[in-house]
Amino acid sequence: MTTADLLFQRRQSAYQRFACNWHTARLDRVMNRTAKLALICLALCSPASLHAQDQPPPADPLTAQIDTQDAERFVALWNKTGGHPNAAQLDAEYIAGSGTGVRLFVPLRKLTGSSIAAAIAAHPDWYGDAVAKCLPWVAASTPDLRAIYLGLHGLLPERPLPQIYMLVGRGNTGGTAAPGAQLLGLEVLCREARTPIAFRAELRSFFAHETAHTFQTMTDTPGQIAEPLLTQILAEGVADYVAQLVTGEVPDVAREAYGHAHERELWAQFTKDRAEANLNYSETSGFTPAGKGALGHWLYNGSRGRLDGWERDMGYWLGAQIAAAYVEHALDRHAAIRELLAPEDPAQILLKSRYADRFAKP
């Protein structure tokens, strides 16, 4: 077993506890596309307790497809009840005897018939649109899934690819993860992406960026806690960088354009916020208000729109630039990508990337 493989197996780390605390706090306040996607990271921090036989086998890139079995069972119940299933019916005919997706989803999101029934009562349009519009769109994304998975498998053949399950939840999760699986909430994805093109783009993000997150591990080293902002920016930026490698697409066109036009300004602000975050975070108590403010300049600020004139979530872009520079300066680019997925010292990653050199005064 290689060093990279050993690192891949070490999921419970100081970094992950840090990421979990931050994601949990912000998810209470934010439910937008950015927050939804970050649920993948949250789930990986404390994966469901599964017996080995419950974990799905790795997906084969040539035959991968989204498993819609559970979503279709929900549709059958929805149609049977005229769009008004009650809690008992949802427990008996949707959750009981469900497929792998819902079975994995229940403990992660505390899913019950009562919680789904309450969500349907509050937002019947979410579920009606999911049934009538979005579920039929899912099959069109199969070619995208296979192409992206072929790219990821070619780049990292030792990494198992997760199975993808489409299901219906209680309106609070567009996507989360369990060992060997990505679990997608149809009603949330549908309300966020209102057209077939937008819906397909949303799914491509899960296939690429979020699968890259499932490849990431952080060793339990003090360097990550000492660099909370840099660590999290690298986590998101590396996922974007890997996604761009395999899709050939810029993850966010507006963010990309803004980043290149304001790169020096962004770097100057980052150096200030990095120092602020380093001084205002501890593993035991998390971020102080000052630390949260520094982090909030860069990540998970989509609900606030533009921040001080910036495009949202510029930390994704900055992290991807650092990752690209690190690979560019590496003697072995394949090894460099694996190092980015399991960094022992984020500060050394930044140093070896030489990204800061471009801002040095003549």
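This is a short tour of a predicted model, stop by stop.

**Confidence.** Colour the chain by pLDDT. The protein averages 84, and 81% of the residues score at least 70. Now select residues 1–52. Here the pLDDT is below 50, yet the stretch has 130 contacts in the model beyond near neighbours in sequence.

**The sheet.** Show the strands. Four of them form an open, mixed sheet, in the order β1-β2-β4-β3. Go to the edges: β1 (66–67) and β3 (175–178) each have a single partner strand, so one side of each lacks a neighbour in the sheet. Next, select β2, residues 163–167. It runs parallel to β1, and two bridges join them. Pick D67 to find one end of a bridge; its partner in β2 is Y165. Then add helix α11, residues 196–215, which packs on the sheet. The helix touches β1, β2, β3 and β4 (181–185), and its direction makes about 145° with that of β4.

**Aromatic pairs.** The structure holds 12 of these. Select F74 and Y94. They meet edge-to-face, 5.6 Å centre to centre, with 75° between the planes. F74 belongs to helix α4 and Y94 to helix α5, 20 residues apart. Are they buried or exposed? F74 is buried at 1% relative accessible area, and Y94 is buried at 0%.

Move to W267 and F359. This pair is stacked: 5.4 Å between centres, 10° between planes. W267 lies in helix α15 and F359 in the segment after α19, so the pair ties together parts 92 residues apart in sequence. Both residues are buried. Add F270, W298, W310 and Y355 to see one aromatic cluster with W267 and F359.

**Last stop.** Select R191 and W126. The charged end of R191 sits over the ring of W126, 4.0 Å from the ring's centre.

Technical notes
Residues numbered from 1 in each chain as written. Predicted model: local features only at pLDDT ≥ 70, side-chain atom pairs only at ≥ 80, totals over all residues. Heavy atoms only, no water. Pairing = 2+ DSSP bridges. Helix = DSSP H or I, 4+ residues; strand = E, 2+ residues; numbered from the N terminus. Contact = heavy atoms within 4.5 Å. Axes fitted to C-alpha atoms, helices over the stretch in contact; angles between N-to-C directions. pLDDT = per-residue confidence, 0-100. Phe/Tyr/Trp six-rings, centres within 6.5 Å; stacked < 30°, edge-to-face > 60°. Buried < 20%, exposed > 50% of the residue type's maximum accessible area, 1.4 Å probe, protein only. Lys NZ or Arg CZ within 6 Å of the ring centre and 35° of its normal.
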